[in-house]
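Reader: I work at the bench and rarely read models. Can you walk me through this one, feature by feature?

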Amino acid sequence: MTTVPPPPLVKRPGPVRALNRAADERFGTQGALRRNLNKVFPDHWSFMIGEIALYSFVILVLTGIYLTLFFDPSNTEVVYDGSYVPLKGVEMSRAYASTLEISFDTRAGLVFRQIHHWAALLFVASILVHLMRVFFTGAFRKPREVNWLIGVGLFVLGILEGFAGYSLPDDLLSGTGLRIASSIAQSIPVVGTWASFLVFNGEWPGENFIPRLYVVHILLVPGILLALIGAHLGILWHQKHTDFPGPGKTEHNVVGHRVFPVFAAKSSGFFMLVFAMLALLGGLAQINPIWAFGPYDPANVSSASQPDWYIGFLDGSTRLFPPWEFRGLGHTVPAVFWPTLILPGILFTLLAVYPFIEAKVTGDKESHNLLQRPREAPTRTGLGAFAITFYLVLWISGGNDVIAKTFDISLNAMTWAGRVGAIVLPPIVFYLTRKLCIHLQERDREIAEHGIETGIIQQLPNGEFVEEHRPKLPPVPDHPRVPTDRVALPSAGDGHAKGALVRRAGRAVSGFFVEEEERQPEPTGSSSQHPEGGH
Amino acid sequence: MVLLVALAATGVLWTAFAPRGTAEDTAATNEAVRAGRALYLQGCSSCHGLQGQGGNQAPSLIGVGSAAVDFQVSTGRMPLAAPGAQAKRKDPIYSQTQIDQLAAYIDSLGGGPRKPVIDEAEWNDADLAHGGELYRANCAQCHQAAGAGAPLTYGKYAPDLSHATPTQIIEAMRTGPESMPLFGPGQVDEADAVAIAKYIRHVSEAPAAGGHGLGKYGPVPEGLLAWLVGIGGLLAVCLWIGARQKV
């Protein structure tokens, strides 16, 4: 009896590995895949704000596709015969009737509509917060000016897309908004009337405006948005992410976690949480109840008609601007031209060119991969606070009637407070913010030079009391020093103790707002450490 | 002689066509007027005058009618809590019987719109959708599309309609209180007035279809919620995720 030796054990590759091998053998993907999956992303919490916008966009596309299945973008007049009794027998456009149908007679239609609308609000809002983070940390500086420009483009397009979207249902509120938009177009000197005719295909309200708007909303603008988001992320991927200065961090490395698995897992989890927040809002809070506003009729208008929040600042500027009308040379320039076209034109232009202005003024031509804390650039931070204050005053004024009614304030007082506030408050806030930044810098320097107060009081032989200062301890690096961006770090092992979590959350916030007690004295030679060279 | 015959004939005709109120009705009305007058002298006359003739601080009540009295007193606007841009709605301090007595007294000073009586059949027949159309055409530009109310100039406002009863809504239309224009029967007939009231009651009572109604104002509270809960909550999530790993 002869014994047959057992066949040698061959470990068969798992399905993922097999797929990967198959793809590599055919397309040579292994190198690129390895390179990209090993890409390192830094960990600071404020770097996740842009992701909110990205995930909101994904949810907007998903819910939007569902809504296109039922929405009928048509101006055709019909008599409503659906299940919403208070509008039964009322004449309305197909667009409005089909939106009612989505809301009351389509399975999950209302919750999808509401999630879509909340996602739109959060999309633009998170872009704005992300923009502020980038601004106040100087992340827009060379080499990232182009991505800043793309970001500003995304912001403006996001606003346009939102406006086009909430104008589609042809309800009384959105129709009023479109009527205002047509008036704004008409207010342009010389070409106004033709511009309005071009956009609305003749006299307001026109015959086929909604189909046009629909194409803009579901094809044109989303297409451009998608392309710009691709470019935005592509450039980020190529240039690598910025990071705050810290132990082991230089202008030439990135410290953080690899795309796979840590960053990917973190981001997927975050996507789920964004989705959860939107589902929560869409499921629990009513948004844009078009049935309560009624169908659009050019003869009707509702008091307290407001646009969605991201147009609100323009509504506010219109409410505050005095009724100055200029006539001459056979043309009229109505008051509405200045606060609705000239003002946003100036604001968005300044926003777009800010990186170039700052580089010009400071003479800073260096590339920067390390971020600044807001205090390190007092003038920039002051200007940002100036802009936020101005925007906030306009924004609040956009809802001044609702605020006046809710808090029992005279509407006239609100308007005048807005007029004065828009001019007086921003310079005050600029001055105070800049001053605060400079004080914080001085405090940092003092600690670096003289050490930390110990609270130990000593009495000298001559009777004088002095407090002992101790030099700062050398910072304990949280991360080992990493030579290149290819190397991922071991993840934290002790992150589950409750106290540790709270402490580190606190530190995460304090790194942004409060003085950081463990900052190193300035290392020499790195230009990023010298804020605002030419100011 | 002719004169005598004519007078006699007039007398006979008068007895034939005189208002057919019974003695008891008249007595009850007189009783209500008397009680109303007592209430009036006590609670209203210091501003509106002993004869309802008005004064420096308050308008004349002669000819305002029982609808105006019922509206002002049953919504608690009168007696006035404090002088200001506009009388505020509050809990009424008179009972409905007392309000009716006051109304009877003011009515006795000279005509005016009568307190409307809406019978059930009329209410049930009223066309809700038509009421909505009339509401949007006539009321929404001040009271807001969903009846939430909105400010006018210098502290005056078109009030929130969610507390108004159908009777009060029609009374307001017929008497035009404060800044509100008067909508007489020539502009809005009885059936239309009831339809508008029915629509207002419907939008006030119907539950918000999509969740919490956010005060029915639309974009302003929506924006506030999106920033405070949406962005605020997600920033908290960012911090939480950021804190899960070594910073």
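Author: Start where two domains meet. This is a predicted model. In chain B, 13 residues of domain 1 are in contact with 13 residues of domain 2. On the domain 1 side, the residues that touch domain 2 divide into six nonpolar, five polar and two charged.

Reader: Where do the domains of chain B begin and end?

Author: Domain 1 covers 23-108, domain 2 covers 120-206 and domain 3 covers 219-247. The C-alpha centres of domain 1 and domain 2 of chain B lie 23 Å apart.

Reader: How many helices and strands does chain B have?

Author: Chain B has eleven helices and two strands. Read their order from the N terminus: α-α-α-α-α-α-α-α-β-β-α-α-α. Chain B is more spread out than a compact globule, because its radius of gyration is 26 Å, well over the 18 Å that the globule rule gives for 247 residues. Along the principal axes, its C-alpha trace spans about 120 × 40 × 30 Å.

Reader: What share of the residues in chain B is buried?

Author: Count neighbours around each residue. A residue is buried if 20 or more other C-beta atoms lie within 10 Å of its own. Buried residues make up 37% of the 247 residues in chain B. Now look at contacts in chain B with a separation of 6 or more: residues 24 or more positions apart account for 66% of them.

Reader: Let me try a single helix. Is α4 of chain B mostly covered or mostly open?

Author: First, the general idea. An α-helix has 3.6 residues a turn, so residues three or four places apart point the same way. Now the case. Helix α4 of chain B, residues 65-74, is mostly covered, with ten of its ten residues buried. Among them are V69(B), D70(B) and F71(B).

Reader: What covers the buried residues of α4(B)?

Author: The cover includes α5 (96-108) and α9 (166-175) of chain B. Check what follows the helix too. After α4(B) comes G76(B), with a positive phi near 80 degrees.

Reader: How many residues of chain A are in contact with chain B?

Author: The size of an interface is often given as the accessible area lost when the parts come together. Here we count residues. 69 residues of chain A are in contact with 57 residues of chain B. The chain A side that touches chain B has 40 nonpolar, 20 polar and nine charged residues.

Reader: Which feature does UniProt place in chain A?

Author: An unreviewed UniProt entry places "domain: Cytochrome b/b6 N-terminal region profile" at residues 19-245 of chain A. Over those residues the chain is 68% helix and 4% strand. The end C-alpha atoms of residues 19-245 are 40 Å apart.

Technical notes: Residues numbered from 1 in each chain as written. Chains lettered and ligands numbered in written order. Predicted model: local features only at pLDDT ≥ 70, side-chain atom pairs only at ≥ 80, totals over all residues. UniProt positions renumbered as here; feature names shortened; annotations may be inferred. Buried ≥ 20, exposed ≤ 12 C-beta atoms within 10 Å, placed from the backbone. Contact = placed C-beta atoms within 7 Å. Nonpolar A, V, L, I, M, F, W, Y, C, P; charged D, E, K, R; others polar. Rg over C-alpha atoms; globule rule 2.2 N^0.38 Å. Domains from an automatic or database assignment.
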